[in-house]
Amino acid sequence: MNVVLWILQGLLALVFLAAGAGKLAQPKEKLAANPNMAWTEDFSQPTIKTIGALEVLAAIGLILPGLTGIAPVLTPLAAVGAVLLMVGAAITHGRRKETQPIVINVVLLIVAVVVAWGRFGPYAF
């Protein structure tokens, strides 16, 4: 199960790192031009950058504490943070009546819940 959790953490970290880096690197106008990122029209540039930073921090928190052994409790906390980000994303897409992104949000939410459960519970570092 430890190997499965590491794989899930790695996949989740890759997704959040890519998503967060994209939000941090591109201006709001360029993000809004992408049909998959139309939700950015509803948020200010600083809010989008904050979401991106939180996603990058979640990615780092899912991997680094477990690898280094320094403050390993941060890994399940990062997973809880990822859950909260996905809840917010699902609510945003729901308000905009965008059903397909909600499916992705729910899948990522479930993976993050499994990581949080495993790392807080029976498979902690």
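This passage describes the nonpolar core, two of the helices that build it, and the salt bridges of a predicted model.

The largest nonpolar core comprises 17 residues, and those touching the most other members are Leu 12, Phe 16, Leu 62, Ala 79, Met 86 and Ala 112. Two or more residues are given to this core by each of helix H1 (2-25), helix H3 (45-68), helix H4 (74-95) and helix H5 (99-120), with H4 giving the most, namely 7 residues. In soluble globular proteins, nonpolar side chains tend to be buried together. Contacts of Ala 112, when its neighbours within four places in sequence are left aside, are made with Leu 12, Ala 79, Ala 82 and Val 83.

Helix H4 has 22 residues, for which a span of 32 Å is expected at 1.5 Å a residue, and the 31 Å between its end C-alpha atoms agrees with that expectation. Its buried residues include Ala 79, Ala 82, Val 83 and Met 86, but also Thr 75, Thr 92 and His 93, and the buried residues of H4 pack against H1, H3 and H5. Just after this helix, Lys 97 adopts a positive phi of about 60°.

Helix H5 likewise contains 22 residues and reaches 31 Å from its first C-alpha to its last, close to the expected 32 Å. Among its buried residues are Asn 105, Leu 108, Ala 112, Val 115 and Arg 119, and the buried residues of this helix pack against H1, H3 and H4. Val 115 and Arg 119 are also in contact with Gln 9, whose further contacts beyond four places in sequence are Leu 62, Ile 63, Thr 75 and Phe 125. Gln 9 is found in helix H1 and has a relative accessible area of 0%, so this residue counts as buried.

In total, 3 salt bridges were counted. One of them joins Lys 23 and Glu 55, whose closest N and O atoms are 2.9 Å apart; because Lys 23 lies in helix H1 and Glu 55 in helix H3, this pair ties together parts that are 32 residues apart in sequence. Both Lys 23 and Glu 55 are buried.

A salt bridge is also formed between the side chains of Asp 42 and Arg 96, at 2.9 Å from N to O. Since Asp 42 belongs to the loop between helix H2 (28-33) and H3, and Arg 96 to the loop between H4 and H5, the pair ties together parts 54 residues apart in sequence. Arg 96 additionally meets Glu 98 in a salt bridge of 2.8 Å, and Asp 42, Arg 96 and Glu 98 are thereby linked in a network. Within this network, Asp 42 is partly exposed at 48% relative accessible area and Arg 96 is partly exposed at 25%, whereas Glu 98, at 18%, counts as buried.

How values were computed
Residues numbered from 1 in each chain as written. Predicted model: local features only at pLDDT ≥ 70, side-chain atom pairs only at ≥ 80, totals over all residues. Heavy atoms only, no water. Core = buried A, V, L, I, M, F, W, Y, C linked by side-chain atoms within 4.5 Å. Buried < 20%, exposed > 50% of the residue type's maximum accessible area, 1.4 Å probe, protein only. Helix = DSSP H or I, 4+ residues; strand = E, 2+ residues; numbered from the N terminus. Contact = heavy atoms within 4.5 Å. Expected span 1.5 Å × (residues − 1). Salt bridge = Lys/Arg side-chain N within 4 Å of Asp/Glu carboxyl O.
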